[in-house]
Amino acid sequence: MLRALIFCIILFCVITPVSGSVITYIPATGSISSVDVTDIAESHDGMIAFATTNGLSLFDSGWVAIQSEPWKYDTGLQDNFINTIEFDENNYLWLGFSAGVQRYDGITFTRVGSDEIFTTMDIHDILRDGDAIWIANGNSGLNYFSEGNWEWIRPFTRNGPDAYYIPSMAKDHATGNIILTSRFNGVWKGVQDEGGFTFLRIPIDEEQYGKITNVVDYPFGGIILFNRDTVLHYSESNGIAVITGPKALGPGVTRINDVAVTEEGVFVIGTNNGLYGVYNDEIIVHITRNTVGVTRDEVIKVFSDSKGRWWFVTKGEAGYYLPDDLNEKIPVTLVNAFIPENSDGSEASNPIRIPVHYVG
């Protein structure tokens with residue numbers, strides 16, 4: 001009896017307390033096909049798609065796994081190793097591979113583009129920009145698809161970025177600019193005017209912050225830049241601000257693997273020492289292998305969905321954390337902001353769109 005009591009006390013001390021639900025899934029039939037997840041995206045109706053090295057996994061009320069089949073080459077998934085995914089305005093899923101792009105309408109996979117459009121077919125990232133799609137491929141810079149037309153934005157040209165290899169893209173919702181990172185040539189912003197896009201370099205001190213490898217959306221304007229050593233916020237109005245880093249997250253954290261930001265403004269950070277939720281410079285959640293259902297500390301991918309779930313992927317499982325105190329979201333229509341000084345009451349040309357939700 002005494003031994004059982006001591007065991008329970010030790011177990012209680014070891015398990016990390018979490019004020020919410022943690023649900024995990026391991027690769028299996030009727031579950032996610034692989035935990036080698038390369039990208040995560042959400043459809044307009046709330047389905048979560050996982051690009052993996054073993055096919056496409058879709059989660060709604062349950063799991064569906066789609067894998068390539070030789071006899072469905074024209075209508076099926078072309079390759080089980082998927083580099084990146086993104087939903088477009090019509091809720092079609094775009095998939096990028098090492099040899100091209102497909103689009104999935106829920107029934108059929110269709111080849112998009114060709115070697116006449118993509119000078120190199122290795123796709124690094126896909127980004128939706130309203131009704132347009134950006135594709136970063138190979139060492140060829142960017143391709144832009146809008147209204148049925150393709151445009152190649154060539155690197156080292158007058159309006160293009162001075163960078164060949166683009167691994168990561170995001171949109172600044174305050175300005176409408178497209179922000180991208182490059183492998184060797186810094187961070188760039190694409191500014192649109194009547195003549196198209198012009199790319200300008202964003203000055204970032206790499207001696208202080210290191211080489212920036214990734215960029216992700218920030219729902220309140222500006223964007224989030226990060227590498228394994230730091231998380232930064234960049235905006236046109238305020239420049240660079242440090243959000244956090246391994247030292248600020250505490251002992252045991254040596255690298256940052258992935259970052260997402262919830263609509264409530266919580267930074268969801270995947271590290272070598274678990275999943276962290278950071279809000280107002282405070283750690284409000286820490287999920288590790290001591291949390292029930294989690295077997296590994298190394299969190300390689302994170303994603304925040306519209307239902308408030310913080311998805312995470314380790315080498316042992318995929319799953320999500322759902323906070324207990326999540327605010328109920330009421331659908332609202334977001335309208336463009338007005339310019340106070342404008343006497344005719346016309347709308348701003350670059351409105352700031354902010355997520356709106358209310359406590360139920």
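This report covers a four-stranded sheet, a buried glutamine and three loop residues in a predicted model.

## The open sheet

Strands β14, β15, β16 and β17 form an open sheet, in that order. The pairing is antiparallel. The edges belong to β14 (168-171) and β17 (196-202). Each has a single partner strand, so one side of each lacks a neighbour in the sheet. On average, neighbouring strands here are turned by 25 degrees against each other, direction ignored.

Look next at one pair within the sheet. Strand β16 covers residues 187-193 and runs antiparallel to β17. Seven bridges join the two strands. Across this pairing, V191 stands opposite T198, a residue of β17.

## Q102, a buried polar residue

Q102 sits in strand β8, which spans residues 100-104. Its relative accessible area is 2%. Buried means under 20%, so Q102 falls in that class.

What lies 3.0 Å from a polar atom of the Q102 side chain? The backbone nitrogen of Q78 does. Q78 also appears among the residues that Q102 touches, when residues up to four places away in sequence are not counted. G76 and L77 are on that list too. So are L93, W94, L95 and F97. F109, T110, R111 and V112 complete the set.

## Two loop residues with positive phi

Most residues other than glycine have a negative phi. Two residues here have positive values. E147 has a phi near 55 degrees. F156 has a phi of about 60 degrees, and F156 is not a glycine either.

Where do these residues lie? E147 is in the loop between β12 (142-146) and β13 (149-153). F156 is in the loop between β13 and β14. The strand β14 is also an edge strand of the open sheet.

Their accessibility classes can be read from the cut-offs. E147 reaches 69% relative accessibility. Exposed means over 50%, so E147 counts as exposed. F156 has 41% relative accessibility, between the 20% and 50% limits, and therefore counts as partly exposed.

## A28 and A65

A28 belongs to the loop between β1 (20-25) and β2 (37-42). Is A28 buried, exposed or partly exposed? With a relative accessible area of 43%, A28 is partly exposed.

A28 and A65 are separated by 37 residues in sequence. In space, their C-alpha atoms are 9.8 Å apart.

Note on methods:
Residues are numbered from 1 along each chain as its sequence is written. This is a predicted model: local features need pLDDT of at least 70, side-chain atom pairs count only at pLDDT 80 or more; totals for chains, interfaces and linings use all residues. Side-chain values use heavy atoms; hydrogens and water are left out. Helices (H or I, at least four residues) and strands (E, at least two) are DSSP runs, numbered from the N terminus. Buried means under 20% relative accessible area, exposed over 50%, partly exposed in between (1.4 Å probe, protein chains only). A polar contact is a pair of N or O atoms within 3.5 Å; within protein, one must be able to donate a hydrogen and the other to accept it, and residues adjacent in sequence count only if both atoms are side-chain atoms. Contact means heavy atoms within 4.5 Å. Two strands pair if DSSP finds at least two bridges between them. Axes are lines fitted to C-alpha atoms, for helices over the stretch in contact, and angles run from 0 to 180 degrees between N-to-C directions.
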